[in-house]
Amino acid sequence: MKKKILRMDNGKAVYDNQNSLTAGPRGPVLMQDILLMEKLAHFDREEIPERIVHAKGAGAHGTFTVTNDITAYTKASIFSEIGKVTETFTRFSTVGGERGSADTARDPRGFATKFYTDEGNWDLVGNNTPVFFIRDPLKFPDFIHTQKRLPDSNLKSNEMVWDFWSKSPESLHQITTLFSNRGTPDGYRHMNGYGSHTYSFINGKNERFWVKFHLKTVQGIKNLRSDEAVRLAGENPDYATQDLFEAIEAGDFPKWTMYVQIMPETDAESYPINPFDVTKVWPHADYPLIEVGVLELNRNPENYFAEVEQAAFSPTNKVPGIGFSPDKMLQGRLFSYPDTQRYRLGVNYNLLPINRPKIEVENGYRNGFMRFDDNGGNRPNYEPNATGEPAEAAGVDEPPLKVCGDADRYAYDSDENSDFAQAGALYRLMPKNEQEDLINNLAGSMRGVREEIVETALEFFYKADSGYGSALAKKLGITR
Ligand code: NDP
């Protein structure tokens with residue numbers, strides 16, 4: 001076979017890639033060494049802005065196979081028949097750390113999957129926890145700042161973290177998961193994934209259901225204890241990345257079973273828990289898990305940057321039969337995710353091979369930086385037009401959503417105790433040894449934090465469960 005030869009970006013063949021062009025054997029480099037200039041200039045621009053959250057990640061291609069009929073709830077074509085297979089790409093991540101940070105840090109894990117359906121891309125952009133720290137997107141930048149670094153020393157700060165949490169009682173449920181051993185999962189294969197937010201399904205009769213998505217690991221839950229996680233952060237900061245890549249390379253393909261919880265649309269009005277509050281779960285006793293299918297990861301990326309770094313997930317990527325809900329955090333993410341991708345990758349990020357739907361996309365969007373396809377050729381860039389194409393589709397609209405009330409800035413309509421009930425339930429379902437680890441992990445994080453902050457936070461733990469509060473107070477050496 002003919003050998004490929006080395007070329008510059010314009011196609012010019014390179015005859016010497018070892019020696020710069022100089023004025024004489026000992027003289028300075030010439031400006032006209034266009035090979036050197038181009039090579040350095042390209043290298044200088046290799047890094048793109050890292051994601052403000054979820055910067056460190058790993059990903060893999062896979063498939064989603066339907067195993068149960070849920071067409072009574074959704075008309076989404078991905079679920080149309082048992083046995084139907086859809087190609088996927090999944091990216092796992094930590095949240096607060098930078099692109100080179102340790103995989104085993106105590107942090108929620110991102111679990112985002114792009115389903116390349118025959119109706120366009122659907123992204124389920126979730127975490128390994130069913131709830132979140134806050135439920136109003138207005139608080140998101142403040143919350144994330146506390147997870148990042150101090151403005152002067154550039155150090156992380158438990159004081160900042162607990163200062164914020166002690167003033168955000170709705171965080172306690174997620175804090176309880178985070179400081180349990182589930183806050184340090186043993187790689188990405190042994191954790192569950194959750195859509196976390198409430199979404200909606202629309203069926204063939206145009207009826208709406210509220211839905212929560214769950215992805216349960218078939219490998220079984222496996223967590224690291226705190227000391228192991230800290231050790232691994234030093235010995236192998238890429239522990240989870242390596243584990244995922246090597247398992248897939250060896251043909252040991254990880255799988256997750258997808259389940260949904262379904263709430264009829266009108267239940268939302270009377271259900272005692274606000275179903276659009278992302279700091280709360282829907283108890284299984286009220287809304288049991290319904291099996292949907294299996295996600296299998298079976299192909300590693302060939303190029304990390306092209307496939308993982310450039311992968312752009314957004315909850316705005318949805319298909320007919322799947323919709324949003326009044327969940328305020330979800331509404332905030334509908335803005336911030338595509339906005340982040342436009343900033344990171346440019347306005348045409350959906351044209352990149354990893355993000356492009358597998359179906360043909362025709363619309364009037366044109367130009368913009370890095371438009372690297374035919375830019376719509378000579379086809380009309382407006383609609384309606386005389387050719388009749390692209391035409392609006394029939395049957396993909398949603399039923400109207402009833403909303404009422406005066407525009408205002410409302411707090412979530414829960415009574416104060418409802419912020420603590422599920423945190424207490426979670427604490428009580430943990431076996432004794434896990435409760436002990438949780439208390440140790442919490443105390444480790446709170447030690448050294450200003451007393452009044454610790455005292456305020458402690459109140460929340462007592463309210464969740466008096467045993468939870470007193471165990472933590474005892475560990476911290478606080479008597480009352
Ligand atoms: P259930 O007893 O029906 O479910 C308990 C859930 O907790 C299961 O999903 C279980 O599944 C998960 N779980 C078990 N051990 C732990 C642990 N150590 N840390 C975190 N999660 C664990 O009760 P409810 O549905 O009434 O929920 C009770 C509490 O369970 C909730 O307050 C919530 O904190 C937690 N939970 C609930 C979920 C839900 O969607 N209802 C989902 C996850 C947690 P698995 O081990 O497969 O994760």
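Visitor: Which ligand atom does the polar side-chain atom of N192 lie close to, and at what distance in Å?
Guide: In this predicted model, a polar side-chain atom of N192 is 2.9 Å from an oxygen atom of the ligand.

Visitor: And the side chain of Y194, how many Å from an oxygen atom of the ligand?
Guide: For Y194, an N or O atom of the side chain is 3.3 Å from a ligand oxygen.

Visitor: What about W282, which part of that residue is involved?
Guide: The backbone. A polar backbone atom of W282 lies 3.0 Å from a nitrogen atom of the ligand.

Visitor: How much of the ligand's accessible area does the protein cover?
Guide: On its own the ligand has 780 Å² of accessible area, and the protein covers 75% of that.

Visitor: How many residues surround the ligand, and which are the closest?
Guide: There are 18 residues around the ligand. H173, R182, K216, H284 and E434 are the closest.

Visitor: What's the shell like by class?
Guide: The shell around the ligand has 9 nonpolar residues, 6 polar ones and 3 charged ones.

Visitor: Which element gives the most to the shell?
Guide: Helix α10, with 4 residues. Both α10 (418-429) and β7 (208-217) supply at least two residues each.

Visitor: Where does the ligand lie relative to the domains, and why put it there?
Guide: The ligand lies between domain 1 (21-356) and domain 2 (420-480), because both of them give residues to the shell around it.

Visitor: How far apart are the C-alpha centres of those domains, then?
Guide: The C-alpha centres of domain 1 and domain 2 are separated by 28 Å.

Visitor: And how many residues are in contact across the two?
Guide: On the domain 1 side, 24 residues are in contact with 23 residues of domain 2.

Visitor: Switching to S200. Where is its place, and is it buried or exposed?
Guide: S200 is in strand β6, residues 199-202. The residue is buried, because its relative accessibility is 0% and the cut-off for buried is under 20%.

Visitor: What does the side chain of S200 reach?
Guide: The backbone oxygen of F324, at 2.7 Å. F324 is also among the residues that S200 touches, leaving aside those up to four places away in sequence. That list includes R208, F209, W210 and V211, along with G321, I322 and G323.

Visitor: Which residue that is not a glycine has a positive phi of about 65°?
Guide: S196. S196 is in the loop between β5 (193-194) and β6, and is buried, with a relative accessible area of 8%.

Visitor: Why bring up the sign of phi at all?
Guide: Because most residues other than glycine have a negative phi.

Visitor: What is phi for N367, and where is that residue found?
Guide: Phi of N367 is near 60°, and N367 is not a glycine either. N367 is found in the loop between α9 and α10. Its relative accessible area is 47%, so N367 counts as partly exposed.

Visitor: Which peptide bond is cis with omega near 5°?
Guide: The one from E383 to P384. Another cis bond joins E389 and P390, with omega about -5°. P384 lies in the loop between α9 and α10, as does P390.

Visitor: Last one, G395. Where is it found, and is it buried or exposed?
Guide: G395 is in the loop between α9 (328-345) and α10, and is exposed at 54% relative accessible area. The C-alpha atom of G395 is 39 Å from that of T94, a residue 301 places away along the chain.

Terms used: Residues numbered from 1 in each chain as written. Predicted model: local features only at pLDDT ≥ 70, side-chain atom pairs only at ≥ 80, totals over all residues. Heavy atoms only, no water. Near = heavy atom within 4 Å. Polar contact = N/O pair within 3.5 Å; in protein donor to acceptor, adjacent residues only side chain to side chain. Areas by Shrake-Rupley, 256 points an atom, 1.4 Å probe, with all protein chains shown as cover. Nonpolar A, V, L, I, M, F, W, Y, C, P; charged D, E, K, R; others polar. Domains from an automatic or database assignment. Buried < 20%, exposed > 50% of the residue type's maximum accessible area, 1.4 Å probe, protein only. Contact = heavy atoms within 4.5 Å.
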